[in-house]
Amino acid sequence: MPAQIYAPFERFNFSNRNCFLTGNVLQSEEEKIQVFPQWLMSLYGLEDQPFKLLDESIATYKDLKIPCSAAINDEFLEPLENEIAAAFAGGYAGVKALNELKLFRWTSKLLYGIIFNEIQSGIKMMHAQGEEFNISQAIIHKFSHLHLMLQSINLPIHFEEFKPYSLFIFKVDNKPEEFGYRDEINTQTFALRIKDFGMILCLQDNNANFSYHHKIYQQIKDDVLHPIQFEEFSGRVFYSNYLFNRLPEYNILPVGEDVYIEDMPLRGISSKPLFDEWQNKTYGQVLENFWKNWGFLLLEIIKNPEKPVSFLFDGAGDKIAGNTIELPR
């Protein structure tokens, strides 16, 4: 008999009475785990730091929790957390040596935990106003597939010769105490910059963004980046994932007790390119946000609209060495 897949978006079940991963009824509503793992919060003193939700309400990192059965946590999630924590402790080398799929699962669990809290918050707010909570079918489509793939943590779910994600990992000359975190839940894009590394994941793009940025990534992937260079590359990826105009489709194939996920061709029946046209002004607005630490304004970034400011490449297209950039880290 094939593994029983839980589909919370079919009945829109985001109650604290059911395990977020399996849907099983919990013994109490207090059976929860942290979205941001305790080991990560302790490393950077995040527990009481503010975390802004989409409805503009402010929670703290430690407030973000998801309902999870103790058995599922003990058997599947804790071992994954321990492995990720050990890899992160080893910095860039530890993360590079980690199985990519485990990094994808860990990031998916974290991002889905934020999505779960956002949905709960949205439902409460709309109910308080006497209105129904609505969410677009396209977003449901993406979130449902994220949750399906997340269940590869606890079920024999296999990806049939494809990557459902794009992953970029860099060495970065960070300040030891710095915690650089960013996400965009609608496009399911995630960036983390800590210790001596930075990583970016697009969780539901079937490696499309990796292909889109492949040439630049090959040029800089072995360099030690200044933080502003990592943020520039992050800005490129966050913007390109916004331009990505496909909703990936999958075949779900039960085989015995296992479930295989097969990707459908992204081009499908559309003759449109996979990505909408790059607009330097919009990209400049993204960079302005990513470069807040260094105070760059949009007018400076797109002073030349054909060539926005770059700290990765000079005017001749040659790489800029991170250790030659004279800005604070």
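Begin by selecting Lys62 and Asp48, whose side chains meet in a salt bridge with an N to O distance of 2.7 Å; keep in mind throughout the tour that this is a predicted model. Lys62 lies in the loop between β3 (58-60) and β4 (65-67), while Asp48 lies in the loop between α2 (38-44) and β2 (50-52), so the pair ties together parts that are 14 residues apart in sequence. If you add a surface, you will find Lys62 partly exposed, with a relative accessible area of 37%, and Asp48 exposed, at 54%.

Next, move to helix α9 (residues 227-243), where Glu232 and Arg236 are four residues apart and therefore separated by about one helical turn. Their side chains meet in a salt bridge at 3.3 Å, N to O, and here both partners are buried, Glu232 with a relative accessible area of 0% and Arg236 with one of 16%. Then select Glu178, Arg182, Arg193 and Glu231 together, since salt bridges that share partners join these four residues into one network.

For a further pair, select Asp222 and Lys221, which form a salt bridge whose closest N and O atoms are 3.4 Å apart. Asp222 is exposed, with a relative accessible area of 55%, whereas Lys221, at 23%, counts as partly exposed. In the model as a whole, the count of salt bridges comes to 11.

Now switch to a cartoon view and find the open sheet of five strands, which run in the order β7-β8-β9-β6-β10 with mixed pairing. At its edges stand β7 (180-184) and β10 (224-225), each with a single partner strand, so one side of each is left without a neighbour in the sheet. Follow β10 to strand β6 (residues 166-172), with which β10 pairs in the parallel sense over two bridges, and look there for Lys171, which stands opposite Val224 in β10.

Finally, turn to the interior and select Phe20, Phe36, Phe88, Trp106, Tyr181 and Met199, which touch the most other members of the largest nonpolar core, a set of 68 residues. Helix α5 (residues 100-128) supplies the largest share of this core, 10 residues, and the core draws at least three residues from each of domain 1 (1-156) and domain 2 (160-328). Centre the view on Tyr181 and show its contacts, which, leaving aside residues up to four places away in sequence, include Phe36, Phe51, Leu110, Ile114 and Phe190. Apart from this core lies another, of 37 residues, which you can locate by selecting some of its members, among them Phe233, Val237, Phe244 and Phe313.

Definitions and conventions:
Residues numbered from 1 in each chain as written. Predicted model: local features only at pLDDT ≥ 70, side-chain atom pairs only at ≥ 80, totals over all residues. Heavy atoms only, no water. Core = buried A, V, L, I, M, F, W, Y, C linked by side-chain atoms within 4.5 Å. Buried < 20%, exposed > 50% of the residue type's maximum accessible area, 1.4 Å probe, protein only. Domains from an automatic or database assignment. Contact = heavy atoms within 4.5 Å. Pairing = 2+ DSSP bridges.
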